[in-house]
Each structure stands twice: as structure tokens, then as C-alpha cells.
Amino acid sequence: MRGKTVLVTGATDGIGKRTATTLASLGAHVIVTGRNPKRGSACVADITTSCGHDRVEAMFSDLSTTEGVRDLAAQVQAHCASLDVLVNNAGMAAPERRITPDGLEADFAVNVIAPHLLTTLLHPLLAAASAGRIITLAGGEHPPRLDLHDLQSESEFEGLRTYSRTKLLMMALMYERAQRTSESGVTCNVCYPGQASTSMTRSVTADMLPPALRFAFPVFRMLVREDGGKSALRASRSSVFLASSPDVEGVTGAYFDKNSRRVEWPAPILDSGLRARLWETAQEVAGIR
């Protein structure tokens, strides 16, 4: 990874921080993003100490708004002539339906629109690299269908189910992107990190689980209890693999599991008509012309 520039969103904690740390340890110039400058500066200091070089920096923006996403893209564009790897790691699992300044449901804004818009804006920089790579993290359980009629959970908000639905929408957009940009030289893949103890998972409440599973909340809490970053490190391996391994050079439009094995896409994503409709909606919502 020496000589490579990598951007990892949502990387001041959890899986993103572990991904950034490992890639920096492999010699990459790493840019971490977050909203909080104090946490970002502390993250840079931690990674710099761990990796043994100072090619680590932070950029700050709020990815829950399109203005924030565009601001981050502008910072990267002003700083980098090319970008070798973009890791869309930032995610949101809101406990209740929240509306962003853009008038969007928060999970939809962060998990779907933000990575779609940021990837679009940074694609020219990725294309300027010798073999740019886009990696996006999946999450949650895969719903049985893509629901394009309630994208922002107006009729029903169900905590972790809403989170899972938005992650499936994101996966569909990234699969569609891979088909549309296959001739660009930039690869676009998705990976599932597996369960980890992070600030997001530790903030999950019983009310966010489906009613039938709330009895098992104490077990869930045990699974995501603080573990010193061990599970986050384990969960970062698929991202690191896709960002750095020569084994996936030229591979695009693929889905990888927590063990970095290529697996089948969830069935709903294979409907090209639904993907095309979702793409047009995302373009409109994100203000992409």
C-alpha cells in the first residue's frame, strides 16, 4: 500500500478506525473522516503512533447532509490529485425516525445517499489512480425485498429493520454502480464486516429490535459489550482485504462476507429494473446532474 492514498469515512472509532490503522500500517497515506475535530485529532495521533509514520490526516464533515458530503468531497479534491481507495464505512442506526436538514430520514441519508453522492463526486479522482477501488460496508440482516415505495420509512420505522433496509438499498446502488462504471478502471465492491462492538452497536436499545426478538436483548448486549476493539479489528479484515489484496485486482460488482470470501448477492439486488429505478431516485435526491 506504499504510495497509495486511502479515504475511510466514519473512521474515528470502531471498524473504520481499525481499517484505517491497518492500511496505514501497510504504508498507505490514510485520510480519516468524522464530525468531531477533537476525536479526529485523537484518532490521527493513535494511528500515527501505531503505524510508525505521519502520513495520516483527518477531514471533518457531516455526512447526514448533502452539503456536508459535498464539502468533504471538495476537501479531498483540493488535497489529492488522485485517490486509490475509498472505503465507505460511515453508517447510522437511529433509535427513532429523525429528519436531517435536507428533509431526509437519517438512516436513509447516511447509509444510502451519502455514500452514493460521495462516491460519485470522488469517482474522477479514483479514475485518475492506476486502479482505483471503492469498498462499501454492508450491515444488518438482508430484507427479502427492495421496497422502493417507503424509502424513508414514513409509514413504518423499525429501528434495526430500517437500518437493514437502508443497507440493502446501498448495496443495490453499489452493484448498479459497478455495472455502469465497469469500463472506467475503477472497481466497486461491497463487504459484510460481521458483528462487532462499536459505539453504534453499543448504543442500540431494546426498542430498536423487532418486537419478537426483544426478549433476547440481554444476549445482544453481551455480544456487543466493550472488548477493547478486538471484534472491530476482526470486522475490519474484509475492508482491508478489498482495499489492499492483489487477489481482487480488477474484480468489480462482487459481494464478500466477513471472512473475505466472495458470496452471492442477496436476491432482491439482482432485479435490474428495481436497481435502475432506485438509481434514478438516488440521483434526484442527491442532486446529481
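This is a short tour of the structure above, from the whole chain down to single residues.

**Before you click**

The model is predicted, so to speak of local features a pLDDT of at least 70 is needed, side-chain atom pairs count only at pLDDT 80 or more, and totals for chains, interfaces and linings use all residues. Residues are numbered from 1 along each chain as its sequence is written, and side-chain values use heavy atoms, with hydrogens and water left out.

**Stop 1: the whole protein**

Start with a cartoon view. You will find ten helices and eight strands; these are DSSP runs, with helices being H or I over at least four residues and strands E over at least two, numbered from the N terminus. The radius of gyration is 18 Å, close to the 19 Å that the globule rule gives for 289 residues, so the protein is as compact as a globular protein of that length. That radius is taken over C-alpha atoms, and the rule is 2.2 Å times the number of residues to the power 0.38. Turn the C-alpha trace along its principal axes and it spans about 50 × 40 × 35 Å.

**Stop 2: surface and charges**

Switch on the surface. Its accessible area is about 12900 Å², 50% of it from carbon and sulfur atoms (Shrake-Rupley method, 1.4 Å probe). Of the 289 residues, 55% count as buried, meaning under 20% relative accessible area. Next, colour the charged side chains: 31 are positive and 30 negative, and the centres of the two sets lie 6 Å apart. Lys and Arg count as positive, Asp and Glu as negative, while His and the chain ends are not counted; each charge is placed at NZ of Lys, CZ of Arg, CG of Asp or CD of Glu.

**Stop 3: Cys43 and Cys51**

Select these two cysteines. How many disulfides does the structure hold? It holds zero, with a disulfide taken as a pair of cysteine sulfur atoms within 2.5 Å. The sulfur of Cys51 is 11 Å from the closest cysteine sulfur, in Cys43, too far for a bond. Cys43 is buried at 1% relative accessibility, and Cys51 is buried at 14%.

**Stop 4: Ala254**

Finish at Ala254, in the loop between α9 (237-244) and β7 (255-256). Is Ala254 buried or exposed? At 1% relative accessibility, Ala254 counts as buried. Show its neighbours: leaving aside residues up to four places away in sequence, Ala254 touches Cys188, Asn189, Val190, Arg262 and Trp265, where contact means heavy atoms within 4.5 Å. Add Thr187 too: Ala254 and Thr187 are 67 residues apart in sequence and 9.3 Å apart in space, C-alpha to C-alpha.

Conventions: Buried < 20%, exposed > 50% of the residue type's maximum accessible area, 1.4 Å probe, protein only.
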